[in-house]
Amino acid sequence: MTMLTRPLGNTGPQVSALGLGCMGMSALYGEADRTESIATIHAALEAGVTLLDTGDFYAMGHNEMLIGEALRTAPAARREQALVSVKFGALRGPDGSWLGYDGRPAAVKSFAAYSLQRLGVDHIDVYRIARLDPDVPIEETVGAIAELVEKGYVRHVGLSEVGAGTIRRAAATAPVSDLQIEYSLISRGIEDEILPTTRELGIGITAYGVLSRGLISGHFTADRQLGAGDFRAMSPRFQGDNLRHNLTLVEALRKIAEQKGVSVAQIAIAWVLSRGEDIVPLVGARRRDRLTEALGALDVTLEPADLAAIEEAIPAGAAAGERYPAAQMAHLES
């Protein structure tokens with residue numbers, strides 16, 4: 001396996017062709033083992049992964065502190081290669097409830113101060129609001145990040161889950177390196193307007209949910225029991241008939257993967273990699289074995305016949321159910 005690199009847009013750094021999304025090590029997908037999580041981050045860095053993604057609201061700072069510990073205990077050369085992407089702005093209650101989003105300039109700077117402390121770093125490589133604050137113009141939020149860039153606390157401005165119009169307004173305010181947004185075989189909504197806009201403006205894509213929270217990993221089964229704290233227990237795509245339908249798509253994909261001698265997860269990640277050099281998939285591996293499997297996608301070459309077979313098996317819009325519950329979909333721009 002050779003770790004490739006890709007540019008994070010026209011204004012961002014070169015990063016590894018796969019990034020590691022660390023959210024599941026702290027929240028929303030059931031229990032995770034701290035020792036194994038840190039070992040997985042170390043293994044990712046050793047394999048050449050440079051991009052680590054987190055959010056300051058993932059288990060209310062737990063994920064940032066976890067990454068901070070992993071960086072402190074990694075070999076110096078590996079620690080220095082790490083680039084950390086942080087999402088901010090989601091407000092949480094002591095009981096874990098979601099209270100909205102805050103993109104006010106003062107809040108942006110305050111969030112950054114706490115993130116720097118928890119991560120144990122002197123700068124954040126990519127900083128972005130997790131969801132648009134409907135009460136604050138994006139120009140004000142991005143302008144505040146740009147001020148942090150000028151002062152050296154942030155290296156690059158990012159965006160997350162916003163539509164084409166907001167992307168244009170943000171890019172007119174300050175150079176934007178990339179947009180983080182869900183993109184997978186069963187979540188292709190960005191292809192109509194958002195992806196053409198980012199490409200026109202030279203903005204990269206960091207794609208999260210490339211395995212749709214495990215749904216198209218090839219490891220999820222219809223009889224799997226999900227805990228109360230697991231996001232998937234509320235996700236429409238994991239419910240009843242929706243789940244049964246979506247798993248039939250996975251089985252169709254499995255046949256193609258088996259013909260190539262690769263796993264379902266590897267072919268799903270390879271498909272995202274094939275969509276363009278401006279797209280960096282984030283893999284949400286919480287264990288070293290899952291990381292190893294995901295990294296194997298870098299050795300998968302999808303020929304035109306493979307891509308045609310995948311398109312036939314899982315055409316755009318084939319999934320049943322929205323990617324978030326209705327209340328959370330309301331915070332997303334298309």
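## Aromatic pairs and a charge over a ring

Rings of Phe, Tyr and Trp (for Trp, the six-membered ring) are taken to pair if their centres lie within 6.5 Å. In this predicted model, Phe57, Tyr58 and Trp98 form one aromatic cluster. The ring of tryptophan 98 also has a charged partner: the charged end of arginine 92 sits over this ring, 3.8 Å from its centre.

The count of aromatic pairs comes to six. One of them joins phenylalanine 88 and phenylalanine 111, with 6.0 Å from centre to centre and 35° between the planes, a tilted arrangement. This pair links distant parts of the chain, since phenylalanine 88 belongs to strand 5 (residues 83-88) and phenylalanine 111 to helix 4, 23 residues apart. Phenylalanine 88 counts as buried because its relative accessibility is 0%. Phenylalanine 111, with a relative accessible area of 17%, is buried as well, because the cut-off for burial is under 20%.

## Helix 2 and its contact with helix 4

Two packed helices are described by the angle between their axes and the distance between the axes. For helix 2 (residues 62-72) and helix 4, the axes come within 7 Å and cross at roughly 40°. The two helices are therefore oblique to each other. On the side of helix 2, the contact is made by Glu64, Met65, Ile67 and Gly68; on the side of helix 4, it is made by Ser115, Arg118 and Leu119. Sorted by class, this contact of helix 2 with helix 4 holds three nonpolar, two polar and two charged residues.

The buried residues of helix 2 are Asn63, Glu64, Leu66, Ile67, Gly68, Ala70 and Leu71. Glu64, Ile67 and Gly68 thus appear both among the buried residues and in the contact with helix 4. The cover over the buried residues of helix 2 includes helix 1 (34-47), strand 4, helix 3 (76-81), strand 5 and helix 4.

## Threonine 54 in strand 4

Threonine 54 has its place in strand 4 (residues 51-55). With a relative accessible area of 0%, threonine 54 is buried. When neighbours within four places in sequence are left aside, the contacts of threonine 54 are Asn63, Glu64, Ile67, Val84, Ser85, Val86 and Lys87. Of these contacts, Asn63, Glu64 and Ile67 are also listed among the buried residues of helix 2.

## Helix 9 and its contact with helix 8

Helix 9 (residues 264-273) has ten of its ten residues buried, so this helix is largely enclosed by the rest of the structure. The buried residues are Val264, Ala265, Gln266, Ile267, Ala268, Ile269, Ala270, Trp271, Val272 and Leu273. Among the elements that cover them are strand 1 (5-7), strand 11 (204-208), helix 8 (240-260), strand 12 (279-283), helix 10 (288-295) and helix 11 (304-313).

Helix 8 packs against helix 9 at an angle of about 95°, with the axes 8 Å apart. The two are therefore roughly perpendicular to each other. Val250, Leu253, Arg254, Ile256, Ala257 and Lys260 of helix 8 meet Val264, Ile267 and Ala268 of helix 9. This contact of helix 8 with helix 9 divides into seven nonpolar, no polar and two charged residues.

## Alanine 106 and alanine 268

Alanine 106 lies in helix 4 (residues 105-119). Its relative accessibility of 57% makes alanine 106 exposed, because the cut-off for exposure is over 50%. Alanine 268, by contrast, is buried in helix 9. These two alanines are 162 residues apart along the chain, and their C-alpha atoms are separated by 40 Å.

## Positive phi values in two loops

Most residues other than glycine have a negative phi. Methionine 60 has a positive phi, near 50°, and is a residue other than glycine. Methionine 60 is found in the loop between strand 4 and helix 2. With a relative accessible area of 43%, methionine 60 is partly exposed.

Glutamate 161 is not a glycine, yet has a positive phi of about 50°. Glutamate 161 lies in the loop between strand 9 (154-160) and helix 6 (164-173). Is glutamate 161 buried or exposed? At 0% relative accessibility, glutamate 161 counts as buried, whereas methionine 60 is partly exposed.

Conventions: Residues numbered from 1 in each chain as written. Predicted model: local features only at pLDDT ≥ 70, side-chain atom pairs only at ≥ 80, totals over all residues. Heavy atoms only, no water. Helix = DSSP H or I, 4+ residues; strand = E, 2+ residues; numbered from the N terminus. Buried < 20%, exposed > 50% of the residue type's maximum accessible area, 1.4 Å probe, protein only. Axes fitted to C-alpha atoms, helices over the stretch in contact; angles between N-to-C directions. Parallel < 35°, antiparallel > 145°, perpendicular 65-115°, else oblique. Contact = heavy atoms within 4.5 Å. Nonpolar A, V, L, I, M, F, W, Y, C, P; charged D, E, K, R; others polar. Phe/Tyr/Trp six-rings, centres within 6.5 Å; stacked < 30°, edge-to-face > 60°. Lys NZ or Arg CZ within 6 Å of the ring centre and 35° of its normal.
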